[in-house]
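Work through the exercises below with the structure in view. Try each task before you read its solution.

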Amino acid sequence: MTPALEPIRRIAAYAICTDSTDRVLLVRASARSGTPGVWSLPGGAIDHGEDPNHTVVRETAAETGLSVSVVGLRDVLADMRSLPHRGVTIHTDRLLYQVSVRGGTLCDRIGQPTDLARWHTVEEAAKLLLRPFTARALGLPSGPIDLRPDEAPEFPSFHAVPGPDGLHRAQRFAAYAVATDPDGRVLLTRVADGYPGAGCWHLPGGGTDYGEQPGAALIRELVEETGQRGRLVELIGVASHRDAASLGPEGYPIDWHGVRAFYRVVVDSPATPTVSDVGGSTSEARWFGRDELEALPAERLTEVTAEAVQAARLG
């Protein structure tokens with residue numbers, strides 16, 4: 001049995017970087033890490049309020065000595081691992097970006113969580129000890145490198161802690177659906193009173209549970225918030241927004257940093273929307289025709305909704 005460990009969550013961004021011969025850039029965990037000798041994609045935790053695009057550039061430079069630019073988002077996934085030597089079990093939401101090298105010189109590090117950075121062919125990488133998310137990104141089978149908890153602990157989708165400016169701050173990962181039906185209508189939900197963005201139209205979805213994959217979370221939320229059953233089609237993008245003094249049902253201002261993955265979802269058999277999560281953050285759900293959606297004033301859409309609708313080329 002895994003010993004009782006403190007659950008924590010974090011959001012991180014990683015670089016999938018290949019050279020002209022299709023070798024991939026990997027970094028090795030040092031003796032200071034929980035998995036010394038294990039290789040992974042370069043990257044790390046997203047700072048509060050930081051755009052994930054900036055995180056992957058910053059972390060790649062720190063771990064490899066190379067300057068990179070982001071080409072596009074490749075995947076979003078989640079995993080759990082236990083670190084008994086630290087007394088914690090961690091749920092990490094991982095954003096994987098394709099990047100290209102702009103400059104710099106590959107270098108090793110001393111006294112840091114990673115110590116080596118090297119280019120490897122996929123065949124060479126297959127012979128290394130790889131973190132499971134890295135193996136998945138490279139299309140390789142993953143070995144039992146990470147110690148997983150026996151079951152996902154109870155833990156909220158966000159946890160507000162006092163910040164250096166006196167405000168509580170919370171970083172939250174969420175997954176949302178740009179859901180359409182066979183007639184091209186778009187499904188939106190209205191934010192309930194007492195929540196940030198009250199009265200605005202929003203995408204169905206929300207914060208993921210501990211140990212939950214983003215795609216599974218949004219399909220679950222779709223049913224809870226609208227009564228619709230959909231199928232996941234593709235990842236569209238990730239939005240990162242900060243609301244530095246948002247007042248919600250907690251009763252005190254919170255410096256929010258939301259990182260939200262949004263996906264295209266198709267509802268093949270649409271029905272009249274119903275909200276089963278009564279008393280929650282959703283007060284209403286309805287289908288919008290394309291003309292109705294385009295006619296909505298910008299101030300009646302949440303930030304992530306406007307960004308996702310534009311990315312999906314619906315507005």
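Five exercises follow, each with a worked solution.

The model is predicted: local features need pLDDT of at least 70, side-chain atom pairs count only at pLDDT 80 or more, and totals for chains, interfaces and linings use all residues. Residues are numbered from 1 along each chain as its sequence is written, and side-chain values use heavy atoms, with hydrogens and water left out.

**Exercise 1. The fold as a whole**

Task: Find how many helices and strands the chain has, then judge its radius of gyration against the globule rule.

Solution:
- Start with the elements. Helices (H or I, at least four residues) and strands (E, at least two) are DSSP runs, numbered from the N terminus. The chain has 6 helices and 15 strands.
- Next, take the radius of gyration, computed over C-alpha atoms; the globule rule is 2.2 Å times the number of residues to the power 0.38. For 315 residues the rule gives 20 Å, and the chain comes to 21 Å, so it is as compact as a globular protein of that length.
- Then look at the box. Along the principal axes, the C-alpha atoms fill roughly 55 × 40 × 40 Å.

**Exercise 2. Inside and outside**

Task: State what share of the chain is buried and what share of its contacts joins residues 24 or more positions apart.

Solution:
- Apply the cut-offs. Buried means under 20% relative accessible area, exposed over 50%, and partly exposed in between (1.4 Å probe, protein chains only). Of the 315 residues, 48% are buried.
- Turn to contacts, meaning heavy atoms within 4.5 Å. Among contacts with a separation of 6 or more, 71% join residues 24 or more positions apart.

**Exercise 3. Charges and pairs**

Task: Count the positive and negative side chains, then the salt bridges.

Solution:
- Lys and Arg count as positive and Asp and Glu as negative; His and the chain ends are not counted. Each charge is placed at NZ of Lys, CZ of Arg, CG of Asp or CD of Glu. There are 31 positive and 41 negative side chains, and the centres of the two sets lie 5 Å apart.
- Side chains of opposite charge can pair when their charged atoms come close.
- A salt bridge needs a side-chain nitrogen of Lys or Arg within 4 Å of a carboxyl oxygen of Asp or Glu. The structure holds 20 of them.

**Exercise 4. Three salt bridges and a network**

Task: Describe the salt bridges of Asp19, Arg58 and Arg28.

Solution:
- Asp19 pairs with Arg23, with the closest N and O atoms 2.7 Å apart. Asp19 is buried at 18%, whereas Arg23 is partly exposed at 31%.
- Arg28 pairs with Asp115, with the closest N and O atoms 3.0 Å apart. Arg28 sits in strand β2 (residues 24-29) and Asp115 in strand β7 (residues 114-120), so the pair ties together parts 87 residues apart in sequence. Arg28 is partly exposed at 27%; Asp115 is buried at 18%.
- Leaving aside neighbours within four places in sequence, Asp115 is in contact with Arg28, Ala29, Ser30, Asp108 and Arg109.
- Arg58 pairs with Glu59, with the closest N and O atoms 3.0 Å apart. Arg58 is partly exposed at 32%, and Glu59 is buried at 15%.
- Salt bridges that share partners also join Asp209, Glu212, Arg220, Glu221 and Glu224 into one network.

**Exercise 5. Placing Ala216**

Task: Locate Ala216 and say whether it is buried, partly exposed or exposed.

Solution:
- Ala216 belongs to helix α4 (residues 214-226).
- Its relative accessibility is 46%, so Ala216 counts as partly exposed.
- Thr180 is 36 residues from Ala216 in sequence, and their C-alpha atoms are 18 Å apart in space.
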